Amino acid sequence: MPAHQPAAPLAPDITETTGGQADPADVILAAERAHLAHSRAALRRMREHAQSLSSDAAGDWVSQQVLEALLDQRIAALADHPDTPLFFGRVDRATAPAAGPTGPVGPTASAAPVGAGAAGRTAGAGAAGGRAAEDEDDLPRTMYIGRRHVHDESGLALVIDWRAPVSRAFYQASPADPMGLELRRRFGYHGGELTAFEDEPLDRGGTLGPSRILTEEIERPRTGPMRDIVATIQPDQDEIVRAALGQTVCVQGAPGTGKTAVGLHRAAYLLFTHREKLSRSGVLIVGPNRAFLSYISSVLPALGEVRVDQSTLGDLLREHAAPEAAVPEDDAVAAIKGDARMAEVLRRALWQHVTKPEEGLVHVKGASRYRVADYEVREIAASLRGTTRYGPGRNAFAQRLAHAVLVRMEQRGEAPDDRVQDAVARSKPVKRLVEAVWPKLTPQQVLFTLLSDAEALGRAAKDILTEEEQAAILWRKSYRSAKSARWSAADAALLDELADLIERTPTRGHIVVDEAQDLSPMQLRALGRRCATGSATVLGDLAQGTTPWSARSWTEVLAHLGQDGQVTELTMGFRVPREVLDFAARLLPSVAPELALPRSLRPGQGSLTVRRAAAEPAPGALSGEVLDLAVDACRTALGREGSVGLIAADADVPALREALTAAGLACDVLDGSGDETERLLLVPATLAKGLEYDHVIVAEPARVVAAEPRGLARLYVVLTRAVTSLTVVHAEPLPAQLA
Ligand SMILES: Nc1ncnc2c1ncn2[C@@H]1O[C@H](COP(=O)(O)OP(=O)(O)OP(=O)(O)O)[C@@H](O)[C@H]1O
């Protein structure tokens, strides 16, 4: 858990000293600190024990290596990070089962004050440093919830992993459904040191007020990469995090509702709960660009999970076409190529390469000749065509031809075995026939023919694409060969589809797809085949769709992904202050009229500033005055705490950089390298998705809108990156929807 010092003392009802006696809150805090020290010592012993284990017991060299690697992993997992508390919460179970309904718990509680006295009565001091009372079911009455499991020498759990089933109540229990709990205690920390606590009584009915520990966590300035939210996961988020492995979940959520955070915690949860299965099949996180991946890169390691692949779609498909070499393409063309109808066009295009056999086969062995007639060869090819993938079909064709030769041999009284069949299948005449009928193909060769040969395209796309669509995707520029062709980002998904038609794509146990609204049907199919035997967590916001092929419905997204899934919604925003969110939401009726207005947990009065230049705008560029206003706003923001992001249309980034440099303000331009060190970041609008900064300055919104077809949605993304303040500077009129 990140370090923070609660601004106000918590548990206010027990902070007053009574008649010279020790402050009960201090007593409790001291006892909890003792439990922390006790747990740390136990963790150290666990680590020492793991270090003392030897891999010598393994029977052979390979097992020894495997065991050694496992022991190293175990030792690393048992590391105690001094800045990270071992536990962030505690639950006390009710002695008698608490009455109350067991229905679903709502996302937030409100009304009654936090810290209403339960602290004084519970096992705080009693649990600390010693064995807590245990109930009949062997669970301790008091349980501490943390990032990893810690137990003492007798096996008593001192800290329980947040992902364990019993920890669920820490996140889900409420006075309406206490889930057998009497009390939930949340801890405040500074560095690794416990500094405060907050009690939520759960056995007295009523409702809980907002948690101050949560509020302070949300208000804490953002610096560096994204943090985990393990201490403050909300009940509706927790439902998603803990959904069963076999279940595909699709989350629609307004900006800052925690979709990314939830997706990452779900990956960590699944890896913990199904470690063995997923360590074999793997978990993959797919994000929109490298800047985003670099931003989220430390969340999973902080949760103890390092063996998760995180990739952009482009990098995932790089074996077919390297994303850095992608040729730019007209959006209209990319939209046709991204359409799901292309799947059938490609299927036909591939199988068109299988021709009708015109000749029979003659196999010569010594003085004997074995003949398979042309009609028989045709029958074999026809019976295999389309029943398997192209590659295995080709192998099967060779084997079936060889088998037909074998049958001839047997008819002559010979007794050939499997080795003879293999040898015949590899013989020159069979190879030649196979190559003529069922040629070996790469995805690139098939797509090269399709996009460069109008006739081939016409045959494959007949009754699927219109003449105009066919004309649009046909290459204007002719390449000499498949090898010298250059591919676009949309082509990469087509190549991947072809690759899978040729040979099956390996699948993972689970994939998390972030910003999924931006993916084309063909890109979704590429991801779908990577979780064909697994499940997915699909995250996104229909209002933030900025590609021409952006999704309009999650049901369609799931269908293209090939997954049956539940669509669920996160509605409470944790990032953007209400004032800023309301401002940005003026764009919603234009970008996604079907969505409800987003809500924010944070009022953020005074968080929005709009400054208009007095002089006329400069056509085709940022005016000098807007540059000055932007520099001014950056300087002011740098005087405050937290990160600063200056976001503008991509084309305006160089001018802004020059202006900042001339004004003596150091900045880094965000480019996905992850090398940024300055507190002030200059962010091209097309890279802002998924990111956040304490203070955001947006220069000339009208130019962000004008830069691309779905520019209003881009502006919605850009305006919703702010955690503390948003300053908009402009000379051109604001888009009418915002004015
Ligand atoms: N339960 C929580 N406790 C504390 N912080 C939270 C919680 N949920 C979300 N946050 C914080 O809110 C911010 C927004 O979260 P996140 O980036 O996951 O939202 P998102 O829905 O993916 O947003 P966007 O749609 O803009 O990409 C992050 O700083 C995250 O840490």
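In this predicted model, the domain assignment divides the chain into domain 1 (12-220), domain 2 (225-346 + 441-571), domain 3 (361-437) and domain 4 (578-730). Domain 2 is thus written as two segments, 225-346 and 441-571, with domain 3 assigned to 361-437. Taken over C-alpha atoms, the centres of domain 2 and domain 3 lie 40 Å apart.

The UniProt record, an unreviewed entry, places the feature "domain: UvrD-like helicase ATP-binding" at residues 232-577. Over this stretch, helix accounts for 49% of the chain and strand for 12%. The C-alpha atoms at the two ends of residues 232-577 are separated by 19 Å.

A helix pair offers a handy look at local packing. Two packed helices are described by the angle between their axes and the distance between the axes. For helix H14 (residues 374-384) and helix H15 (residues 390-411), the angle is about 145 degrees and the axes are 10 Å apart. The crossing of H14 and H15 is right-handed. On the H14 side, the contact involves Glu376, Val377, Ile380, Ala381 and Leu384, while H15 contributes Gly393, Ala396, Phe397, Arg400, Leu401 and Ala404. Sorted by class, this contact comprises 8 nonpolar, 1 polar and 2 charged residues.

Attention now turns to the ligand. Around the ligand there are 24 residues, of which Thr232, Gly258, Lys259, Thr260 and Phe574 come nearest. Helix H5 (212-219) and helix H7 (259-273) are the elements that each supply two or more residues to this shell. The class breakdown of the ligand shell is 7 nonpolar, 11 polar and 6 charged residues.

Definitions and conventions
Residues are numbered from 1 along each chain as its sequence is written. This is a predicted model: local features need pLDDT of at least 70, side-chain atom pairs count only at pLDDT 80 or more; totals for chains, interfaces and linings use all residues. Domain bounds come from an automatic or database domain assignment. Axes are lines fitted to C-alpha atoms, for helices over the stretch in contact, and angles run from 0 to 180 degrees between N-to-C directions. Helices (H or I, at least four residues) and strands (E, at least two) are DSSP runs, numbered from the N terminus. A crossing is left-handed if the near helix is turned anticlockwise from the far one by less than a right angle, and right-handed if clockwise. Two residues are in contact if their C-beta atoms, placed from the backbone, lie within 7 Å. Ala, Val, Leu, Ile, Met, Phe, Trp, Tyr, Cys and Pro count as nonpolar, Asp, Glu, Lys and Arg as charged, and the others, Gly among them, as polar. A residue is near a molecule or strand if its C-beta atom, placed from the backbone, lies within 6 Å of it. UniProt positions are given in the numbering used here, feature names are shortened, and annotations may be inferred rather than shown by experiment.
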